[in-house]
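Could you walk me through this model, with a look at the sheet, the core and a couple of residues worth clicking on? A short tour would do.

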Amino acid sequence: MSAKSRRTSTTTQRKNPPMCQHQPACPTADSADREAARPVACHPEQGWSLLCNGVLLFEDTGELLPDGQIIAPHRLLTAGRVTTAA
């Protein structure tokens, strides 16, 4: 095999086909309701799910968006879950 045939072209932008094939389509990763997309892979033992819009959703409600942006956990604390230091 020659060196020329082993070369691959590189691009600066990733072009993945959309994962969501649902009708109506699920919310995109940049929409406010992105967590409403359907899960395509769930790993509760590891604490994460992959949604069909490419968002990694963690059990603490943190998110990793397809573009690498991190969304901090935003779980609301209920009265039963709030602890105070003595």
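Here is a tour of the model, from confidence to sheet to single residues.

This is a predicted model, in which local features need pLDDT of at least 70 and side-chain atom pairs count only at pLDDT 80 or more, while totals for chains, interfaces and linings use all residues. Residues are numbered from 1 along each chain as its sequence is written, and side-chain values use heavy atoms, with hydrogens and water left out.

First, confidence. pLDDT is the predictor's confidence in each residue, from 0 to 100. The chain averages 78, and 67% of the residues score at least 70. Residues 8–17 stay under 50, and the model gives them zero contacts (heavy atoms within 4.5 Å) beyond four places in sequence. Where pLDDT is low, the predicted coordinates should not be read in detail.

Now the sheet. Strands here are DSSP runs of E with at least two residues, numbered from the N terminus. Five of them make an open antiparallel sheet in the order S1-S2-S3-S4-S5. S1 and S5 (70–71) are the edge strands, each pairing on one side only. Two strands pair if DSSP finds at least two bridges between them; S1 and S2 are antiparallel and joined by four. His-43 sits opposite Trp-48 in S2.

Two residues make a handy pair to look at. Val-40 is in strand S1 (residues 39–43), and Asn-53 is in the loop between strand S2 (48–51) and strand S3 (56–58). For accessibility, buried means under 20% relative accessible area, exposed over 50%, and partly exposed in between (1.4 Å probe, protein chains only). Asn-53 counts as buried because its relative accessible area is 14%, whereas Val-40 is partly exposed because its value is 46%.

What does the side chain of Asn-53 reach? Two backbone oxygens show up as polar contacts (N or O atoms within 3.5 Å; within protein, one able to donate a hydrogen and the other to accept it, and residues adjacent in sequence counting only if both atoms are side-chain atoms).

| Partner of the Asn-53 side chain | Distance |
|---|---|
| Pro-27 backbone oxygen | 3.0 Å |
| Arg-34 backbone oxygen | 3.1 Å |

Leaving aside neighbours within four places in sequence, Asn-53 also has contacts that include Met-19, Ala-37 and Pro-66. On the same basis, Val-40 touches Leu-50, Leu-51 and Cys-52.

Cys-52 leads to the interior: its contacts outside four places in sequence include Cys-20, Cys-26 and Ala-37. Cys-52 is one of nine residues in the largest nonpolar core, along with others including Leu-51, Val-55, Leu-65 and Ile-71. Such a core is a set of buried Ala, Val, Leu, Ile, Met, Phe, Trp, Tyr and Cys residues joined through side-chain atoms within 4.5 Å.
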